[in-house]
Amino acid sequence: MNLQSPYLITDMSQEVFHCEEELQLDSGESLPEFQLSYTTQGHLTAKKDNVIWVLHALTGDANAHEWWSGLVGEDKFFDPTKYFIVCANLLGSCYGSTQPLSENPKTGKPYYYDFPNLSTRDMAKAFDKLREHLGIEKIDTVIGGSLGGQVALEWSYSLQEKVKKTIIVASNAKTSPWTIGFNEAQRMSIESDSTWGQNSPDAGKKGLEAARAIGMLSYRHQDIFETSQKETEEKTDHFKVSSYLRYQGQKLANRFNALSYWVLTKAMDSHDLGRGRGGTAKALSEIKSKVLSIGINTDLLFTKEESQFISKNVPNGTYREISSIYGHDAFLVENEQLNYILKSFYLENNG
Ligand SMILES: CC(=O)SCCNC(=O)CCNC(=O)[C@H](O)C(C)(C)COP(=O)(O)OP(=O)(O)OC[C@H]1O[C@@H](n2cnc3c(N)ncnc32)[C@H](O)[C@@H]1OP(=O)(O)O
Ligand SMILES: N[C@@H](CCO)C(=O)O
């Protein structure tokens with residue numbers, strides 16, 4: 001018997017939104033035009049009141065049903081038979097949106113190192129153009145983790161009453177010096193690759209491997225390494241964790257490019273919801289939607305205190321915590337806990 005439902009096939013589309021308008025950026029520069037790759041799943045209700053907008057983290061893409069398969073998909077919490085689920089690739093990312101390898105319309109050649117600095121505010125602004133293009137007046141929920149949570153918070157601030165619920169997972173209102181430090185060390189690794197500076201899609205590839213290895217140390221907690229990378233025999237070299245980090249570096253470098261990684265980490269560094277708005281606490285106090293901020297007890301990168309700061313300072317905030325040995329990346333892994341937290345939040349907030 002074939003028990004497979006046709007919903008995922010019939011209800012999903014992957015498209016590219018081309019915006020011909022110039023996008024003014026925080027840096028003072030602009031993009032003459034841009035594109036965003038995005039997916040939609042499900043259908044808008046007649047009232048257009050069932051939109052869930054999912055934002056991915058640093059190296060994710062528009063396929064939320066793949067990287068958040070425990071939350072998005074048929075019979076999952078965000079079920080396309082109930083919701084219209086949108087997920088777009090961040091501006092600057094290399095999964096179909098405008099990024100440093102895209103053609104600069106002014107020169108007819110790839111931007112490479114001329115690509116402008118982006119901010120989380122710019123990324124939110126680009127998403128808002130897509131929202132308008134899709135004819136979406138109101139969003140039920142914006143949800144994002146890590147860098148995606150930072151962009152979600154920025155967007156929620158500017159959407160005001162146009163969004164009902166904002167869910168920020170393992171993220172913050174302003175990037176900490178600690179996180180900027182990790183990003184800087186990663187960019188130093190990329191810079192030290194002798195191919196960095198070349199006009200090539202592979203420029204900085206070995207450096208990106210090292211960068212990801214550094215990044216992994218911030219995305220995990222010591223406890224998960226004690227479990228998954230513990231040696232079972234006496235050794236003086238060739239440790240499991242060494243091959244693990246090298247493998248993770250190669251895996252990322254084979255699916256991402258160093259220029260895009262550079263741009264996205266720079267955007268993360270400059271994230272500050274309160275910039276030009278009287279500080280983070282004041283900016284948070286002006287957010288209109290209900291906010292669920294989810295922290296992770298072992299997150300060394302975006303600490304749970306940073307998540308608590310969000311819920312404490314918005315007018316209508318709730319804090320919940322994931323308990324995990326994973327560390328920061330628990331938001332991509334601990335689906336059972338996330339499901340439980342989301343169910344309670346939606347029950348308390350009228351579905
Ligand atoms: C097109 C795209 O792929 S984009 C979307 C995918 N990525 C994203 O969305 C980004 C977010 N996702 C992630 O960051 C990750 O996938 C996570 C956090 C969800 C899970 O991380 P993973 O790397 O799968 O898990 P984990 O840290 O346990 O590592 C497992 C991998 O390391 C390998 N590994 C484990 N220990 C070792 C070791 N000692 N030496 C070498 N390799 C090792 C495993 O064989 C496994 O390999 P595989 O990925 O080829 O199956
Ligand atoms: N694992 C995440 C790290 C940052 O949250 C990613 O690669 O996007």
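Let me start with a term: buried here means under 20% relative accessible area. Arg-212 has a relative accessible area of 10%, so Arg-212 is buried. Keep that cut-off in mind. And one caution: this is a predicted model.

Stay with Arg-212. The residue sits in helix α6, residues 205-219. Why bring it up? UniProt, in an unreviewed entry, gives Arg-212 and Asp-329 the feature "binding site". The two span 118 residues in sequence, but their C-alpha atoms are no more than 13.5 Å apart, so they gather at one spot. Arg-212 and Asp-329 are both in the lining of the largest pocket.

What does Arg-212 touch, once residues up to four places away in sequence are set aside? The list is Thr-59, Gln-186, Tyr-219, Gln-248, Gly-249, Leu-252, Arg-255 and Tyr-261.

Now Asp-329. This one is in the loop between β12 and α12. Its relative accessibility is 12%, so Asp-329 counts as buried too. Beyond four places in sequence, Asp-329 contacts Tyr-219 and Arg-220. Note Tyr-219. Arg-212 touches Tyr-219, and Asp-329 is in contact with Tyr-219.

Next, the active site. For that feature the unreviewed UniProt entry lists Ser-146, Asp-299 and His-328. In sequence they are spread over 183 residues, yet in space they cluster, with a largest C-alpha distance of 10.8 Å. From this set, Ser-146 and His-328 are taken into the lining of the largest pocket.

His-328 first. Its loop runs between β12, residues 317-322, and α12, residues 335-348. Buried or exposed? Buried, with a relative accessible area of 1%. The side chains of His-328 and Ser-146 are joined by a polar contact of 2.9 Å. Leaving out residues up to four places away in sequence, His-328 touches Ser-146, Ala-170, Ser-218, Tyr-219, Ile-296, Thr-298, Asp-299, Leu-301 and Phe-302. There is Tyr-219 again.

Then Asp-299. Look in the loop between β11, residues 290-296, and α11, residues 304-313. Asp-299 has a relative accessible area of 5%, so this residue is buried. Its contacts, apart from neighbours within four places in sequence, are Ala-170, Gly-327 and His-328. Ala-170 is touched by His-328 as well.

Now the sheet. Eight strands make up an open sheet, with mixed pairing. The order is β1-β4-β6-β5-β9-β10-β11-β12. At the edges are β1, residues 12-19, and β12, each pairing on one side only. From one strand to the next, the twist averages 20°.

What packs on this sheet? Helix α12 does, touching β5, β9, β10, β11 and β12. The direction of α12 makes about 160° with that of β12.

At the β12 end, β11 and β12 pair in the parallel sense, over six bridges. One of the bridge pairs joins Ile-294 to Arg-320 in β12.

Move along to β6. Strand β4, residues 34-41, pairs with β6 in the antiparallel sense over four bridges. There, Thr-39 stands opposite Cys-87. On β5, the pairing with β6 is parallel, again over four bridges. Ile-52 has Ile-85 of β6 as its bridge partner.

How many residues of β6 are buried? Five of its five. In a regular strand, side chains alternate between the two faces of the sheet. In β6, both faces are covered. Phe-84, Val-86 and Ala-88 are buried on one side, Ile-85 and Cys-87 on the other.

One last residue, in the loop that leads from β6 to β7: Thr-98. β6 covers residues 84-88 and β7 covers 103-104. At 6% relative accessibility, Thr-98 counts as buried. A polar atom of its side chain lies 2.7 Å from the backbone nitrogen of Gln-35. Beyond four places in sequence, Thr-98 is in contact with Phe-34, Gln-35, Leu-91, Gly-92, Ser-93, Tyr-111 and Phe-115.

To wrap up. The active-site residues cluster in space. The binding-site pair gathers at one spot. The lining of the largest pocket includes Ser-146 and His-328, along with Arg-212 and Asp-329.

Note on methods:
Residues numbered from 1 in each chain as written. Chains lettered and ligands numbered in written order. Predicted model: local features only at pLDDT ≥ 70, side-chain atom pairs only at ≥ 80, totals over all residues. Heavy atoms only, no water. UniProt positions renumbered as here; feature names shortened; annotations may be inferred. 1 Å grid on protein atoms, 1.4 Å probe; cavity = no way out; pocket = protein on both sides within 12 Å on 5 of 7 lines; lining within 4 Å. Helix = DSSP H or I, 4+ residues; strand = E, 2+ residues; numbered from the N terminus. Buried < 20%, exposed > 50% of the residue type's maximum accessible area, 1.4 Å probe, protein only. Contact = heavy atoms within 4.5 Å. Polar contact = N/O pair within 3.5 Å; in protein donor to acceptor, adjacent residues only side chain to side chain. Pairing = 2+ DSSP bridges. Axes fitted to C-alpha atoms, helices over the stretch in contact; angles between N-to-C directions.
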